[in-house]
Amino acid sequence: MPPSSDFPSLPAYWVTPRHLAGDDGLLADQVGSHLTAAGWTSLTLVRGRREPDESDDARQVLRSTVLYIASDALSWAQWVLADEPILLGDQPVAWTVSARATPDSLPQWNAYFSVGTPSEAVTDFLLALEDRPDLAHGYAGPQVVLDALVGSGWIGDIDTPTAMSDPRLAATMALTALPDEGIQDGDPFVLDPEAEAAGWQAWCEPRMGAGLLWAAMFSASTPHDLVAAFAASLASPAPVLRHSLPESSEGQLTVQPTV
C-alpha cells in the first residue's frame with residue numbers, strides 16, 4: 001500500500017461539499033485503517049518479473065495489491081490500483097469491495113471506487129456492510145438510494161427518474177445500464193450480453209469537459225441499502241478534513257481553516 005503522506009507541516013481545512021473534496025491522496029490509508037481497526041485480515045500480493053541475469057532487487061513489479069478479508073470470510077476489500085488499472089470513465093479503480101453468501105461461494109456482487117472518491121463515503125459503505133446480517137442479498141428497492149440523496153438536497157432528473165444530481169450538477173448518481181466489460185456480478189442473468197443489467201453508477205465532474213474527479217460503480221446485485229449508505233455519506237452536508245484540495249474543484253468549495 002502506498003505510504004502515508006507527511007502532512008503535519010501542511011495546513012488543514014474543513015471542506016464542503018464532500019463530493020467535491022476529493023480523497024486528500026489518502027484513500028488507501030483511510031480505508032485501510034478502518035478495515036484494520038475492524039479486524040479484517042490484510043494480505044499483500046505482489047507479482048513481478050526478473051530477467052535471468054538480474055538481481056532480485058531489479059525485479060519489475062507488475063501489480064501490487066492489498067487484500068483485506070473480514071473475519072467470516074464473506075466479504076473482502078482490495079486496493080487494486082496498479083500499473084495497468086481498471087478505468088471508470090477516465091479514473092482508475094482504487095478499491096473493490098465484494099461479498100458472498102457462504103465461504104465457499106463466488107461473489108454475489110462487487111463495488112468499485114476510483115481514486116478521488118471521498119474516503120468517508122467508502123468507509124460508510126463498509127460500515128453498512130459490516131452491520132448487515134445478510135451480506136450477499138438485498139431486500140430494499142432503489143427508492144432508498146433516491147431518498148438518501150433527496151434528504152440532502154439533491155435534485156431529480158426529469159428525463160431519468162432513477163438519476164439525481166447535486167444542486168450544482170457536478171455529481172450524479174443513477175441506476176442505469178452497466179458497461180459490458182469489467183463489472184462482475186453473481187447473477188447469471190447479468191452474464192447475458194443481451195440483458196443490459198442495471199446497477200448504480202456515481203461520478204463527479206466539477207467542470208464539464210475537464211474530466212472526472214472520481215467515479216464509483218456497483219454491480220447489479222449490490223443491495224440498494226448499501227448503495228444508499230454510500231449516497232447518504234457522499235451527499236452529507238457535514239464538512240470533511242482535508243490538507244490538499246482538488247484543482248478541478250477550485251472555486252466550488254467552502255473552505256474553513258481548522259485554526
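User: Let's start with one residue: in E14, which residue is the bridge partner of Tyr13?

Analyst: Pro257 is the partner of Tyr13 in that strand. Keep in mind as we go that this is a predicted model. Tyr13 belongs to strand E1, residues 13-16, and E1 pairs with E14 in the antiparallel sense over four bridges.

User: How should I read such a pairing, and what is the strand order of the open sheet of three strands?

Analyst: The general idea first: strands of a sheet pair through backbone hydrogen bonds, either parallel or antiparallel. Here, the three strands of the open sheet run in the order E13-E1-E14, and their pairing is antiparallel.

User: Which strands stand at the edges?

Analyst: Those are E13 (240-242) and E14 (254-257). Each has a single partner strand, so one side of each lacks a neighbour in the sheet. From one strand to the next, the twist averages 35°.

User: Happy with that. Now to side chains: how many aromatic pairs does a search of the whole structure find?

Analyst: Nine of them. To read one, look at the ring centres and at the angle between the planes; planes over 60 degrees apart count as edge-to-face. Take Trp109 and Phe125: the centres are 5.9 Å apart and the planes stand at 85°, so this pair is edge-to-face.

User: Where do Trp109 and Phe125 lie?

Analyst: Trp109 sits in strand E7 (residues 109-114) and Phe125 in helix H2 (residues 119-130), so their pair ties together parts 16 residues apart in sequence.

User: Are Trp109 and Phe125 buried or exposed?

Analyst: Both Trp109 and Phe125 are buried. Phe125 also pairs with Phe218, and that pair is tilted, at 5.6 Å centre to centre with 45° between the planes.

User: What does the pair of Phe125 and Phe218 tie together?

Analyst: Helix H2 holds Phe125 and strand E12 (residues 214-218) holds Phe218, so the pair ties together parts that are 93 residues apart in sequence. Phe218 is buried, as is Phe125.

User: Which residues do ring pairs link into a cluster?

Analyst: The cluster consists of Trp109, Phe113, Phe125, Trp214, Phe218 and Phe230.

User: And the whole protein: how many helices and strands does it have, and what share of its residues count as buried?

Analyst: There are five helices and 14 strands, and 46% of the 259 residues count as buried. Among contacts with a separation of 6 or more, 64% come from residues 24 or more positions apart. As for the accessible surface, the total is about 13,000 Å², and carbon and sulfur atoms hold 53% of that.

Notes
Residues are numbered from 1 along each chain as its sequence is written. This is a predicted model: local features need pLDDT of at least 70, side-chain atom pairs count only at pLDDT 80 or more; totals for chains, interfaces and linings use all residues. Side-chain values use heavy atoms; hydrogens and water are left out. Helices (H or I, at least four residues) and strands (E, at least two) are DSSP runs, numbered from the N terminus. Buried means under 20% relative accessible area, exposed over 50%, partly exposed in between (1.4 Å probe, protein chains only). Contact means heavy atoms within 4.5 Å. Accessible areas come from the Shrake-Rupley method with a 1.4 Å probe; for residues, only the protein chains shown count as cover. Two strands pair if DSSP finds at least two bridges between them. Axes are lines fitted to C-alpha atoms, for helices over the stretch in contact, and angles run from 0 to 180 degrees between N-to-C directions. Rings of Phe, Tyr and Trp (its six-membered ring) pair if their centres lie within 6.5 Å; planes under 30 degrees apart count as stacked, over 60 as edge-to-face and the rest as tilted.
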